[in-house]
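Colleague: I am new to this structure. Please take me through the largest pocket and the helices around it.

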Amino acid sequence: MGDWHLRSPNRRAFARLVLAGVGGFVALGAAFALVPAIVVNDMHETDVIVGWTLTLFALSALLTRFVAGVWIDRRGARAIFALGFALLVVAGMLFLLTTPERTWLLYAARIVQGVGQAAMFTSGLSWAVHLAPEHRRGQAMSLFGLAVWAGLTIGPVVEQFLLDHAGEGAGKALMLIAPVLALIAMIGLRGPAVH
């Protein structure tokens, strides 16, 4: 792998990988502010339904995490990372289409987000380890983990600001825009070879 100096191709690729990861997890974090607004204000449901709607994401991520690992081994980390973001874009579109008459789209969006998160996180972590030299792999995993938590921290704050000052439409748009920007950050980024 060579030295991981500031201008090395691997280090630049890692920085772009982390940046894309932040974008994806901003959308996932934003859902923690958006879902209660939709469930309570639009659907007129209780906090129990808010909890179950949030849980759908975790369940779908849990059930597909292992499959994501198998996909990475067969297709490569870059392809599955991009697939994760593509699924987040689909989920963002489902959020935009959710109305009080089509509440099932909200549940579908949460399930798709969970599968997207499983693909994105697992492949991103695998890719981060591949890019780092052997003596810095633990650090690479921790830095990619920071991208995850940065996105999950920033997302709800930005989402609540949009809900308060620009309305629900702008909040739903963030769910689509953040993963699209993350996909753009990946353009031209070469992934590790498939073994």
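Modeller: What follows describes the largest pocket and then three helix pairs.

This is a predicted model, in which local features need pLDDT of at least 70, side-chain atom pairs count only at pLDDT 80 or more, and totals for chains, interfaces and linings use all residues. Residues are numbered from 1 along each chain as its sequence is written, and side-chain values use heavy atoms, with hydrogens and water left out.

The largest pocket holds about 200 Å³ of space. A pocket here is an open set of points, on a 1 Å grid over the protein atoms alone, where a 1.4 Å probe fits, with protein on both sides within 12 Å along at least five of seven lines; lining residues have an atom within 4 Å of a point. Grid points are joined across faces, edges and corners, and the volume is the space filled by probe spheres set on them. The lining has 14 residues, of which Phe25, Phe57, Arg65, Gln117 and Leu152 are the closest to the pocket centre. Two or more lining residues come from each of H1 (9–42), H2 (47–75), H4 (104–131) and H5 (137–165). Helices are DSSP runs (H or I, at least four residues), numbered from the N terminus. H2 gives the most, with five residues. By class, the lining has eleven nonpolar, two polar and one charged residues; Ala, Val, Leu, Ile, Met, Phe, Trp, Tyr, Cys and Pro count as nonpolar, Asp, Glu, Lys and Arg as charged, and the others, Gly among them, as polar.

H2 also packs against H4: their axes come within 7 Å and cross at roughly 40°. Axes are lines fitted to C-alpha atoms, for helices over the stretch in contact, with angles from 0 to 180 degrees between N-to-C directions. H2 and H4 are therefore oblique to each other (under 35 degrees is roughly parallel, over 145 roughly antiparallel, 65 to 115 roughly perpendicular, and the rest oblique). The contact of H2 with H4 (heavy atoms within 4.5 Å) divides into 14 nonpolar, ten polar and two charged residues.

With H3 (residues 77–97), the axis of H2 again comes within 7 Å, crossing at roughly 135°. Ala68, Trp71, Ile72 and Arg75 of H2 touch Ala77, Ala79, Ile80 and Leu83 of H3. Seven residues of this contact are nonpolar, none polar and one charged.

H1 pairs with H6 (residues 168–185), the axes coming within 8 Å and crossing at roughly 165°. That makes H1 roughly antiparallel to H6. Their contact includes Gly23 and Gly24 of H1 and Gly171 of H6; by class it has 14 nonpolar, three polar and four charged residues.
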